[in-house]
Amino acid sequence: MQGAIDETVAERLWDGQVPLRISVHPADAAALGVHSKSLSLYLSVHRFSYLTLIATDVRRFFADADGGNARLGEVDDADIWFECKGEPLKWHYPVGLLADMTTAANAAIPIAPLPWHVTVRFLNFPADKLLRGHSESMLSMTSDAFMSMIKEADFMRNGNIKKVMGLSKQDQTQLWESFAAHRFRDFWNVNAQLVAGGSEGVNGGGSYPRFVPMRVYVAGCAVVQEPVSPVDGESDHEYTLGEILSNILPRYYSSIPGGQVSRRSPNGTGEVTTFPAAVPILHGIEVPPDTPLVWLSRNCSYPDNFLHVVLRF
Amino acid sequence: MQSGDANFDVPHHGKFLVTVNPTSMSAAEQGPATSPLASPSVPRRPSSAATSNAEPNAKVVVRFRATGNAPILKQNFYKITASQKFQTVISFLKKELHYKQQQSLFLYVNAAFAPAPDEIVGNLHKCFATDGNLIINYSTTAAWG
């Protein structure tokens, strides 16, 4: 089973989209003299994409729709940002992850209301919360961040980045360019060289990565990234997502079906309360907890080579 | 003055990073490493694993290495609160080198990749430290990645 990529799965995830309803923030609309305040842009965006890749088009749409609003037309791309329910959205996170994080925070609504409503902002860039770009460099910043993630993932899998650095210059360029142009085949021709197989001499035969590149997101908490081995070296048992989550986040996750977890209640009294165990969400989907982590990593990672798992309560 | 590799002591009189009381590390709290994390199949598990963030004020050791013509530090390793973001490391290093915050300085982990400024130092330490030290190379020009 090792090394093979299930292209059916990879391609379906690649084509996954999330419908967005984008409107201009009322304060920015007032400040920039936007007349059509109730106007929204409906856009279907690939879950793997980044907000910086749509920012220019969004600004142009509202400038044109507002009768060629010159002030909107002159807004620098580096000043464009997005927010949802008052929270700035990180442009270096994939759109699908942002959507999962936003919807996971709302326990009352088990299924995300679509379209996902976000607000575009053209003023008052929150430099304390979002990475500030430089004028006209947002695309190269996004590709740099993307390549850094791929190298970080490579280091987790192999303990070095020889696989990425071993790619030809053309293949390295192709990773980002085929991603940005949404060319599945071209992207996977290169990406398979990174994702398939493991590191040499590790785990007897090199089938398994050293650690799985994965981050877990829990609302209100710091991002969790642990050196997680995908296999028990003695029994060759492949750890499941549920086993890993209950191990690294026992306060939030239990691998027992219908299980409960105990932790201090957030109201500061220090009282220990039981909560229903969280549900792992990836690409908008509830992931079966018995899915082997190594399979998930190979087939269901984002193009940045990381699994970005959101815990929903 | 470079410290030798054999010297793992962190100077107590040195300039340590500012400690800000962390507020959001509860997700990273965990008990002692158990089976999936302590797999014997992992040949060189970072010894930093012991410094898991059971304590919200836990600190980790960061070791700086200058690359190319980057200026060197008088002291090249420091303790930093694990819950800090990598941005704190960037700002601190610029301050130590008397750089303006707007001046560009490139920081890499293990001479391999540039973490995003919002990555958690404790996570980087857990996943990438060598002998308990998170190695950070810095350069005045883009060196790796």
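This is a short walk through the structure above, from the layout of chain B to the packing and the salt bridges.

Thanks for coming, everyone. Before we start, please keep in mind that this is a predicted model.

Let's begin with chain B. It has 145 residues, and 52% of them count as buried. Its secondary structure consists of two helices and four strands, and if you follow the sequence along, the order reads β-β-α-β-α-β. What share of the contacts in chain B with a separation of 6 or more comes from residues 24 or more positions apart? The figure is 71%. As for the outside, chain B exposes about 6,900 Å², and carbon and sulfur atoms make up 55% of that area.

One residue in chain B to find on your screens is Ser83(B). Look in the loop that runs between strand 2 (77-81) and helix 1 (86-96) of chain B. Is Ser83(B) buried or exposed? Its relative accessibility is 14%, so Ser83(B) counts as buried. Arg65(B) sits 18 residues away from Ser83(B) in sequence, and their C-alpha atoms are 22 Å apart in space.

Now over to the packing. In the largest nonpolar core there are 78 residues, and those touching the most other members are Ile22(A), Phe82(A), Trp116(A), Val120(A), Met214(A) and Leu307(A). Helix 9 of chain A, residues 184-195, is the biggest contributor to this core, giving six residues. Apart from that core lies another one of 34 residues, and its members include Phe155(A) as well as Val89(B), Phe92(B) and Leu97(B). In soluble globular proteins, nonpolar side chains do tend to be buried together.

If you zoom in on Val120(A), then leaving aside residues up to four places away in sequence, you will find that it touches a list of residues including Ile22(A), Val24(A), Phe62(A) and Phe82(A). That list also has Ser23(A), His25(A) and Asp28(A) on it.

Helix 10 of chain A, residues 241-248, is mostly covered, with six of its eight residues buried. Among them are Leu241(A), Ile244(A), Leu245(A) and Ile248(A), and also Gly242(A) and Asn247(A). What covers them? The cover includes strand 6 (214-217), strand 9 (279-282), helix 11 (293-300) and strand 11 (307-312) of chain A.

On to the charged pairs. Over all chains, the structure holds 13 salt bridges. Let me show you a few.

The first stop is Arg60(A) with Asp57(A), whose side chains meet at 3.9 Å, N to O. These two are three residues apart in helix 3 (residues 52-65) of chain A, so about one helical turn separates them. Arg60(A) counts as partly exposed because its relative accessibility is 47%.

Next comes Asp79(A) with Arg132(A), where the closest N and O atoms are 2.7 Å apart. Asp79(A) is in the loop between helix 4 (70-73) and strand 3 (81-84), while Arg132(A) is in the loop between strand 5 (116-121) and helix 6 (138-158), so this pair ties together parts of chain A that are 53 residues apart in sequence. Asp79(A) is partly exposed at 24% relative accessibility, and Arg132(A) is partly exposed at 38%.

And which pair joins two chains? Arg215(A) and Glu119(B) do, since Arg215(A) lies in strand 6 of chain A and Glu119(B) in the loop between strand 3 (106-109) and helix 2 (121-128) of chain B. Their closest N and O atoms are 3.1 Å apart, and both residues are buried.

Last of all, Asp28(A), Glu83(A) and Arg121(A) are linked in a network of salt bridges. Thanks for listening!

Methods: Residues are numbered from 1 along each chain as its sequence is written. Chains are lettered from A and ligands numbered from 1 in the order in which they are written. This is a predicted model: local features need pLDDT of at least 70, side-chain atom pairs count only at pLDDT 80 or more; totals for chains, interfaces and linings use all residues. Side-chain values use heavy atoms; hydrogens and water are left out. Buried means under 20% relative accessible area, exposed over 50%, partly exposed in between (1.4 Å probe, protein chains only). Contact means heavy atoms within 4.5 Å. Accessible areas come from the Shrake-Rupley method with a 1.4 Å probe; for residues, only the protein chains shown count as cover. A nonpolar core is a set of buried Ala, Val, Leu, Ile, Met, Phe, Trp, Tyr and Cys residues joined through side-chain atoms within 4.5 Å. A salt bridge is a side-chain nitrogen of Lys or Arg within 4 Å of a carboxyl oxygen of Asp or Glu.
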